[in-house]
Amino acid sequence: MNELDKKANGWALLPILVFLVLFLGTGIILGDFYTMPAVVGFLIALVVAFAQTKDMSFNDKISIVARGIGDDNIITMCLIFLAAGAFSGAVTAAGGADSTVNLGLSLLPPGIAVIGLFLIGCFISISMGTSVGTITVLTPIAVAVAAKTGFALPVCAGAVVSGAMFGDNLSMISDTTIAAVRTQGCEMKDKFRKNFFIVLPAAIVTVLILFFLTSGSEFKMDEALPYNIWQVIPYLFVLVTAIIGINVFVVLICGTVLSVIIGIATGSLEASQMFTAIGDGVTSMYDITVISILVAAISALVKENGGIAFILEKIHSRIHTYKGAEVGIAALVSVVDAATANNTVAIVIAGPIAKEISDDYGVDATRSASLLDIFASVFQGVIPYGAQLLTAASLAGLTSFDIIPYLFYPYLMAVCGIVSIALSKKK
């Protein structure tokens, strides 16, 4: 049955509202938006969803939830999360992360130190698939660059966060990319290509802005920057093979095996520790995997009770064109990200609704996935209570609001996304 054929029911959205109130409420009251784990908030919301559905038996509710969780896209997405975690754990333990950072810093020309921070951040984040990980690694370097060049620390920190969000939006192993393509039903390579050409102008203009702000500086790292080019190869392998179009599971499994082989061969990883490293990587993905399952369960009950139909009815009453549908998708994921402070969670929540809108108005699945990932990353990169800015501010000894004026790339990414909507045409 089409969602519009269901009886629209605004009260069916109560579980989502409960989650947002709990998550935002605890964050505002306690001054820390990560006090309540998202998993706990979604568990409470699921209980509310079960309690709200009174006209069916508990077993019937379980059947609805099981069908929602068992959806091909949900299962595939969760498996990709775990495979990406395995690769991340193996390549990091094998020295890939440290070598990648040091290689980039070794190639850093003295006169463009701040631009180099942005470009290295782009490379590391697109290779590692994690913006917070990139910020954690590069922010201490940004502090050193600021101290030696005399440039304002917020500018240097802003360059790091900007580079981190570039890869968060595009990386083949980023959980946001995985969530976007799986909820919309498209291929990663197709989403990457479409997404890349939308945001490329933003990256170029960011480099130009940083050049004019920081031209003439001199900076050189005094400390040794050891790296092993072999340890960087697994990142390059995953990036290239994924773009070519090889199945993502094959890419990640081969990348994990390659990381282990290189780690053992270079002496950076003991054979006895390889399974522990892989296990640690998989474990790091448990939260987002469980959240995806819980959101699928909640969405199934909300959908059954007419909640999705209610949202679509309201959207349809205000959207009558193809461009309007694209605006609706972008606005939807932006609002959810601002509320949850987690771009992957925002995409997981907004994805099924965006898919319905895309189907109704003929928006290509690749296009819908790009819009979801772009605008979720835009807001995640600029909200002061997001993990990215909080991490950068903490490591740099600043506040989030000190860095916000210098987040050139996220702002320009938003502009590019809006322009792409203005110029888009229905195929």
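Helix axes are here lines fitted to C-alpha atoms over the stretch in contact, with angles taken between N-to-C directions. In the predicted model, helix H10, which spans residues 188–214, packs on helix H18, which spans residues 365–382, at an angle of about 55°, and the two axes lie 9 Å apart. Because angles of 65 to 115 degrees count as roughly perpendicular and those under 35 degrees as roughly parallel, H10 and H18 are therefore classed as oblique to each other. The crossing in which H10 passes H18 is right-handed. On the H10 side, the contact is made by Asp 190, Lys 191, Lys 194, Asn 195, Ile 198 and Val 199, and these residues meet Thr 366, Arg 367, Ala 369, Ser 370, Asp 373 and Ile 374 of H18. The composition of this contact, taken by class, is five charged, four nonpolar and three polar residues.

The largest pocket of the model encloses about 980 Å³ of space. Its lining comprises 40 residues, of which Thr 130, Val 132, Asp 175, Ser 284 and Asn 342 are the closest to the centre of the pocket. Several helices each supply at least two residues of this lining, including H1 (14–30), H2 (38–52), H7 (131–149), H13 (274–283), H14 (286–304), H17 (343–361) and H19 (387–396). Helix H4 (72–93) is also one of these contributors, and H4 gives the most to the lining, with six residues. By class, the lining of the largest pocket has 19 nonpolar and 17 polar residues, together with four charged residues.

Definitions and conventions
Residues are numbered from 1 along each chain as its sequence is written. This is a predicted model: local features need pLDDT of at least 70, side-chain atom pairs count only at pLDDT 80 or more; totals for chains, interfaces and linings use all residues. Side-chain values use heavy atoms; hydrogens and water are left out. Axes are lines fitted to C-alpha atoms, for helices over the stretch in contact, and angles run from 0 to 180 degrees between N-to-C directions. Helices (H or I, at least four residues) and strands (E, at least two) are DSSP runs, numbered from the N terminus. Angles under 35 degrees count as roughly parallel, over 145 as roughly antiparallel, 65 to 115 as roughly perpendicular and the rest as oblique. A crossing is left-handed if the near helix is turned anticlockwise from the far one by less than a right angle, and right-handed if clockwise. Contact means heavy atoms within 4.5 Å. Ala, Val, Leu, Ile, Met, Phe, Trp, Tyr, Cys and Pro count as nonpolar, Asp, Glu, Lys and Arg as charged, and the others, Gly among them, as polar. On a 1 Å grid over the protein atoms alone, a cavity is a set of points where a 1.4 Å probe fits but cannot get out, and a pocket is an open set with protein on both sides within 12 Å along at least five of seven lines; lining residues have an atom within 4 Å of a point. Grid points are joined across faces, edges and corners, and a volume is the space filled by probe spheres set on the points.
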